[in-house]
Amino acid sequence: MASLEDITRRYYETTASRGHRPTAEYYKTSAAGLLRRLGSWLPEDRTTPCIDLACGCGELIYALEQRGFARTHGVDLCVEELDEARKFVRGELVVGDVIDHLAAQREGAYGFVTAFNIVEHLPKDRLIDFFREAHRVLRPGGALVGMVPNAVSPFGAAARYWDITHQIAFTPNSITQLAAMTGWGDRAEFRECGPVPYGVKSAIRYVAWRALRGAIEAWFLVENGATRGGIYSSDMLFRLRKES
């Protein structure tokens, strides 16, 4: 009988193949979007060892390599996605559970850990292990950057329930709680995943988004007297840094 784990292990067949394209143009376009999104959160030192958790078809690893990072690694449960990734990335790719893989790494092995669209797939009882292990494998001054569904957004339910294997959505407060319980302290930073201006169309979308988010912020201020963290896009980025 099929299970949700089967969907994850066959993620390329069940999900990723609908959006993925095995072409250089696809990877270049994906990389450009990811790099705009990450911006100043990328490490300055291009020799920093990086690992992308649940790397899928390798779009983020490709982006890092295009930016000059040579020590790249990825782990994912789906063999097919890793096969697709190997066509375009040079880094070491491993089939495995992300938490088990982290637990097998030495302390301080990496300087940059990315976790885009994976934390929401984990059961609640494994979240502490995930954040604790990510902290352990980072060298002092290193960072964990993740993307998760944002429950504060009026449209956060769409991101939360878009994928049947999603277990949970997050808020800035819940990420901060997890960080405090797993050694990160209160050093959580957040970014919206709204439009990033880089051309005429994206600039128009950016201006429209600023107006919409202003209305959302006003709604929260009227209802609650507070901005609820001020992050309103349906997905959000977070960064946790290990103390130097």
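Q: Helices (H or I, at least four residues) and strands (E, at least two) are DSSP runs, numbered from the N terminus. Where does Ala 54 lie?
A: The model is predicted: local features need pLDDT of at least 70, side-chain atom pairs count only at pLDDT 80 or more, and totals for chains, interfaces and linings use all residues. Residues are numbered from 1 along each chain as its sequence is written, and side-chain values use heavy atoms, with hydrogens and water left out. Strand β1 spans 50–53 and helix α4 spans 59–66. Ala 54 sits in the loop between β1 and α4.

Q: What is phi of Ala 54 near?
A: Ala 54 is a residue other than glycine. Its phi is nevertheless positive, near 55°.

Q: Which residues does Ala 54 touch, not counting residues up to four places away in sequence?
A: Contact means heavy atoms within 4.5 Å. Ala 54 and Phe 116 are 62 residues apart along the chain, yet their C-alpha atoms are separated by 7.5 Å. With that sequence window left out, Ala 54 touches Val 75, Asp 76, Val 98, Phe 116 and Ile 118.

Q: Is Asn 117 buried or exposed, or partly exposed?
A: Asn 117 lies in the loop between β4 (110–116) and α7. Its phi is near 60°, positive in a residue other than glycine. Buried means under 20% relative accessible area, exposed over 50%, partly exposed in between (1.4 Å probe, protein chains only). At 39%, Asn 117 is therefore partly exposed.

Q: At what angle do α7 and α9 pack?
A: Axes are lines fitted to C-alpha atoms, for helices over the stretch in contact, and angles run from 0 to 180 degrees between N-to-C directions. Helix α7 covers residues 124–137 and helix α9 covers 172–181. Their axes are 9 Å apart, and the packing angle is about 65°.

Q: How are α7 and α9 oriented to each other?
A: Angles under 35 degrees count as roughly parallel, over 145 as roughly antiparallel, 65 to 115 as roughly perpendicular and the rest as oblique. So α7 and α9 are roughly perpendicular.

Q: Which hand does the crossing of α7 and α9 have?
A: A crossing is left-handed if the near helix is turned anticlockwise from the far one by less than a right angle, and right-handed if clockwise. The α7 and α9 crossing is right-handed.

Q: How many nonpolar residues does the contact of α7 with α9 have?
A: Leu 127, Ile 128, Phe 131 and Arg 132 of α7 meet Ile 175, Leu 178 and Met 181 of α9. Ala, Val, Leu, Ile, Met, Phe, Trp, Tyr, Cys and Pro count as nonpolar, Asp, Glu, Lys and Arg as charged, and the others, Gly among them, as polar. The contact has one charged residue and no polar ones, and its nonpolar count is six.

Q: How is α3 oriented to α4?
A: These helices pack at about 75°, axes 8 Å apart. That makes the pair roughly perpendicular.

Q: How many charged residues does the contact of α3 with α4 have?
A: From α3 come Tyr 26, Tyr 27, Lys 28, Ser 30, Ala 31, Leu 34, Leu 35 and Leu 38; from α4, Glu 59, Leu 60, Tyr 62 and Ala 63. Nine are nonpolar and one is polar, while the charged residues number two.

Q: How many aromatic pairs does a search of the whole structure find?
A: Rings of Phe, Tyr and Trp (its six-membered ring) pair if their centres lie within 6.5 Å; planes under 30 degrees apart count as stacked, over 60 as edge-to-face and the rest as tilted. The number of pairs found is seven.

Q: What class of pair do Tyr 27 and Phe 88 form?
A: Tyr 27 is in helix α3 (residues 24–38), and Phe 88 is in the loop between α5 (79–85) and β3 (92–95), 61 residues apart. Tyr 27 is buried, at 0% relative accessible area. The ring centres are 4.2 Å apart and the planes at 20°, so the pair is stacked.

Q: How far apart are Trp 219 and Phe 220, centre to centre?
A: Trp 219 is partly exposed at 46%, whereas Phe 220 is buried at 10%. Their rings are stacked, with 20° between the planes and a centre-to-centre distance of 5.6 Å.

Q: Which residues does Tyr 206 touch, not counting residues up to four places away in sequence?
A: Tyr 206 lies in helix α10 (residues 200–224). Its C-alpha is 5.1 Å from that of Pro 195, 11 residues away in sequence. Outside the excluded window, Tyr 206 touches Pro 195 and Pro 197.
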